[in-house]
Amino acid sequence: MFSQDSLLDFLKESPTAFHAVPWLSRRLQEAGYRPLDPRGEWALEPGGRYLTTRNGSSLIAFRLAHQAPLDAARMGVCHTDSPALKLRLRDAAQAAPGLLKVPVEVYGGATIAPWLDRPLQVAGRLPLRDSEGRMRFLPVATREPVAVIPNPPIHLASLNDGFRYNPQTQLAALLPYAGLGELLAALAPEGCSPLEAPLQHTAELYLADAQAPVAMGELLQAPRLDNLTSCHALAEALCQEEPPACTLLGGFFDLEEVGLNFQSAGGDFLPSTLLRLANALGEGSPQALPRMMAASLCLSLDVAHAFHPNFPELFDPEDSPRLGQGPALKFHANQNFATTLPAAAYLQDLAARSQLPLQTFTPRSDSRCGSTIGRMVAGSLGVAVADLGAPIWAMHSLRETGSLSDTKALQQLLQAFFLDKAPLPLP
Ligand code: CO
């Protein structure tokens, strides 16, 4: 069942990937998924539900079929990160008594202007020492707004004439603290203390919008719709009660915005997890994993560019999804999207059989185009992929606008995909 309250809660409580993953983990555990220790030997049982995390910011959950678990898997993947401004803690300095100035690095392809002149919170992961002296790395957030990046006055700078911000010199956050130590102490959970410099400078702290998500009729405006809407729909589809006909897997990965690393979708986390799963169920046959992947289908879930009434020239007039008319299947001749023909045909048939809306998106032939983790997963695993997601406006802005009904329809389509008894198309 789609729950608007649950979606809004997830958006509000997930200022960074370090917060999204614990939220998803709690939700999945409520639905019977048991955490697996990556350092342990996994004893997996048919019908079992499991999850494992990496770096505190990526998560893979899977639900094994009761029978013939190696025939195929129905999979979904999405990302937990979003473009943001990361604090450069080593450069923190007092701008004035009681005023801390912390420059930033730009993470991912962020739209800069919306970050200025608004209340911001600080959130991320802090190195701490607990009461027994052990080093811990825990998600933290101020919750309350504590920072602002003020614009210069328009009398002194031509802000309306294509002004470019210099991220090194002009985007420092200003915070009402007497020093960095005071900010870190305010962030530390009870029973833990922040480390001294220079270890405290290793903290991964980001600025985040402090304003709560807003629903305006069917419109949803919030930070990080890209890609928390897909994460929420995928997690909810994995939590449905009805037993699936085959193995299900959901991957939630950090670092989509920047690429390959320890915890990213293109790294070893997904193949190594699938290898352990296939080995456990395939009794160690080296053919288990490639057999399983050859028979599987993976949906790469990420938001799509919705047709923008103020900028119609940026969109193909026919092949652009409209807000509120359902998720969109994405195509691109040069393969920024990994959708294969059989996967597209299967999904459009599934949507028709399930009476759910499914739009399509192909970027203009004369424009640039973003990409997704779809092709990384397709190429590294040897699994057929379809790229799809809910359309939104202002992708990569601090606050993006989408539609509640599109996120609901995406969840329903994923639920139908996971329970569908029709055979998957061969790639
Ligand atoms: Co995205």
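The exercises below, with worked solutions, concern a predicted model.

**Exercise 1. The cobalt site**

Task: Identify the protein donors of the cobalt ion, and state whether the site is tetrahedral or irregular.

Solution:
- Step 1. List the donor atoms. H79 contributes NE2, D226 contributes an OD atom, and D302 appears twice, each time with OD. These donors lie 2.0 to 2.6 Å from the cobalt ion.
- Step 2. Examine the angles. Among the four donor atoms they run from 54 to 142°.
- Step 3. Apply the criterion. Four donors count as tetrahedral if all angles lie between 85 and 135 degrees. The site of the cobalt ion, with angles of 54 to 142°, is irregular.

**Exercise 2. The donors along the chain**

Task: Give the sequence spacing of the cobalt donors, and state which secondary structure elements hold H79 and D226.

Solution:
- Step 1. Write the spacing. Along the chain the donors follow H-x146-D-x75-D.
- Step 2. Place the two residues. Strand 4 (residues 73-79) contains H79, while D226 belongs to helix 4 (residues 225-238); the pair therefore ties together parts that are 147 residues apart in sequence.
- Step 3. Check burial, for which the cut-off is under 20% relative accessible area. H79 has 1% and is buried; D226 has 2% and is buried too.

**Exercise 3. E236 in helix 4**

Task: Is E236 buried or exposed, and which residues beyond its sequence neighbours does it contact?

Solution:
- Step 1. Locate the residue. E236 is part of helix 4.
- Step 2. Read the accessibility. The relative accessible area of E236 is 8%, so the residue is buried.
- Step 3. List the contacts. With neighbours within four places in sequence left aside, E236 is in contact with M1, S6, R27, Q411 and Q415.
- Step 4. Compare with R375. The C-alpha atoms of E236 and R375 are 24 Å apart, and the two residues are separated by 139 residues in sequence.

**Exercise 4. A loop residue**

Task: Where does T16 lie, and what does it touch?

Solution:
- Step 1. T16 sits in the loop between helix 1 (4-13) and helix 2 (17-30).
- Step 2. Its relative accessibility is 6%, so T16 counts as buried.
- Step 3. Not counting residues up to four places away in sequence, T16 touches A123, G124, Y206 and R224.

**Exercise 5. A surface patch**

Task: Which residues form a nonpolar patch on the surface, and how exposed is M135?

Solution:
- Step 1. The patch is formed by M135, F137 and L199, which together have about 280 Å² of accessible area.
- Step 2. M135 is found in strand 10 (residues 135-141).
- Step 3. With a relative accessible area of 39%, M135 is partly exposed.

Conventions. Residues numbered from 1 in each chain as written. Predicted model: local features only at pLDDT ≥ 70, side-chain atom pairs only at ≥ 80, totals over all residues. Heavy atoms only, no water. Donors = N, O, S within 2.8 Å, 3.2 Å for Na, K, Ca; no water. Tetrahedral: all angles 85-135°; square planar, octahedral: opposite > 155°, others 65-115°. Helix = DSSP H or I, 4+ residues; strand = E, 2+ residues; numbered from the N terminus. Buried < 20%, exposed > 50% of the residue type's maximum accessible area, 1.4 Å probe, protein only. Patch = residues over 30% accessible without salt bridge, like charges linked within 9 Å, V, L, I, M, F, W, Y side chains within 5 Å. Areas by Shrake-Rupley, 256 points an atom, 1.4 Å probe, with all protein chains shown as cover. Salt bridge = Lys/Arg side-chain N within 4 Å of Asp/Glu carboxyl O. Contact = heavy atoms within 4.5 Å.
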